[in-house]
Amino acid sequence: MKKKKILKFIRNLLIIFFGSSILSVIALRFIPVYFTPLMFIRTAQQIIHGEDIKWKHTWVSKEKISRHLPMAVIASEDNRFAEHNGFDFKEIEKAMEENKTRKRPRGASTISQQTAKNVFLWPASSWLRKGLEVYFTTLIELCWSKERIMEVYLNSIEMGKGIYGAEAVAKEHFHKKAGQLTPGECALIAASLPNPRKFNSGKPSNYMFKRQKKILYLMKCVPAFPPKEKKKAENT
């Protein structure tokens, strides 16, 4: 009897998890993401450390974000974003090979994976979180368009200490709206993303200026996003 009760409990738990996760992914295809687990975690850390609470975040539609910013993050973070299904296996293989000789292993997370982690999960790395990241990445790739993934990514990702999303970083670091960001400013924001709490796009270091230069070059090399063919179809 106990075994049956345990199995029934596990079954119900799985039904609730899969049902709620699928429904939340479908809902967020249409609803703006106003907060994420990371925002709450960072706020809790500020309170614990006795710091002033800083939480800057304003959701804006993709039309109100500079067209240069998606290109900058693709150039910096995920060159094949428009082509893969959420996982860049070429980059994973490359990272695995490089990590054999690197002191600090590098990751190969795609923009889709980072979006899944930011919106649904927590930052600390573990096998459980990695498994859930694969699950949620697969879900958003199935349920959302690439444009929606990019829109959520640019609105939810941490872009500075207590700063989340394109509109907040544009106002805090460049004193303008996200739609007014220049290619150079977008490249600096992208350059900060590996560690936005360490690298300040508003006060760039020499290292960041070097990264900016490289990203600006790559922005000319990667395919336009969204694809020009889709833009033409929408306009006709």
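User: Why does His 175 count as exposed?

Analyst: This is a predicted model, so take the numbers as computed from it. His 175 has a relative accessibility of 68%, and the exposed label starts over 50%, so His 175 counts as exposed. As for its place, His 175 sits in the loop between α8 (166-174) and α9.

User: What is phi of His 175?

Analyst: Phi of His 175 is near 55°, a positive value in a residue other than glycine. Most residues other than glycine have a negative phi.

User: Where is there a cis peptide bond, and what is omega there?

Analyst: Look at Phe 225 and Pro 226: the bond joining them is cis, with omega at about -5°. For background, most peptide bonds are trans. Pro 226 belongs to the loop between α10 (206-219) and α11 (228-235).

User: How do you know that Cys 186 is in no disulfide?

Analyst: Check the sulfurs. The nearest cysteine sulfur to that of Cys 186 belongs to Cys 221, and it is 17 Å away. A disulfide needs the two sulfur atoms within 2.5 Å, so at 17 Å the sulfur of Cys 221 is too far for a bond. Overall, the structure holds zero disulfides.

User: Are Cys 186 and Cys 221 buried, exposed or partly exposed?

Analyst: Cys 186 has a relative accessible area of 0%; buried means under 20%, so Cys 186 is buried. Cys 221 comes in at 47%, which lies between the 20% and 50% cut-offs, so Cys 221 is partly exposed.

User: What is around Cys 186?

Analyst: Cys 186 is in helix α9 (residues 183-192). Setting aside neighbours within four places in sequence, Cys 186 is in contact with Ser 66, His 68, Leu 69, Ala 72 and Leu 181. Ser 201 is 15 residues from Cys 186 in sequence, and their C-alpha atoms are 9.0 Å apart.

User: How many aromatic pairs are there, and why is the one between Phe 17 and Tyr 135 called tilted?

Analyst: There are 12 aromatic pairs. In this one the ring centres are 5.5 Å apart and the planes are at 35°. Centres within 6.5 Å make a pair, and 35° is neither under 30 nor over 60 degrees, so the pair is tilted. Phe 17 lies in helix α1 (residues 2-27) and Tyr 135 in helix α6 (residues 127-143), so the pair ties together parts 118 residues apart in sequence. Phe 17 itself is partly exposed, at 31% relative accessible area.

User: What makes the pair of Phe 40 and Trp 55 edge-to-face?

Analyst: The angle does it: the planes stand at 90°, and edge-to-face means over 60 degrees, so the label follows. The centres are 5.4 Å apart. Phe 40 is in helix α2 (residues 37-48) and Trp 55 in the loop between α2 and β1, 15 residues apart. With relative accessible areas of 45% for Phe 40 and 31% for Trp 55, both are partly exposed.

User: Which residue of α2 is in contact with Trp 55, and is that residue buried or exposed?

Analyst: Thr 43, found in α2, is in contact with Trp 55 and also Ile 53, leaving aside neighbours within four places in sequence. Its relative accessible area is 12%, and the buried cut-off is under 20%, so Thr 43 is buried.

User: Which rings form a cluster, and what lies over the face of Phe 81?

Analyst: Ring pairs link Phe 17, Phe 18, Phe 120, Tyr 135, Phe 136 and Trp 144 into a cluster. Over the face of Phe 81 you find Lys 146, at 4.6 Å from the ring centre, and the distance cut-off is 6 Å.

User: Why do β1 and β2 stand at the edges of the sheet?

Analyst: The open sheet has three strands in the order β1-β3-β2, with mixed pairing. β1 (56-57) and β2 (158-160) each have a single partner strand, so one side of each is left without a neighbour in the sheet. β1 and β3 (residues 163-164) run parallel and are joined by two bridges; Lys 56 has Ile 163 of β3 as its bridge partner.

User: What does the UniProt annotation say about residues 12-35?

Analyst: The unreviewed UniProt entry annotates them as "transmembrane region". In the model, that stretch is 67% helix and 0% strand, with its end C-alpha atoms 28 Å apart.

Terms used
Residues numbered from 1 in each chain as written. Predicted model: local features only at pLDDT ≥ 70, side-chain atom pairs only at ≥ 80, totals over all residues. Heavy atoms only, no water. UniProt positions renumbered as here; feature names shortened; annotations may be inferred. Helix = DSSP H or I, 4+ residues; strand = E, 2+ residues; numbered from the N terminus. Pairing = 2+ DSSP bridges. Buried < 20%, exposed > 50% of the residue type's maximum accessible area, 1.4 Å probe, protein only. Phe/Tyr/Trp six-rings, centres within 6.5 Å; stacked < 30°, edge-to-face > 60°. Lys NZ or Arg CZ within 6 Å of the ring centre and 35° of its normal. Contact = heavy atoms within 4.5 Å.
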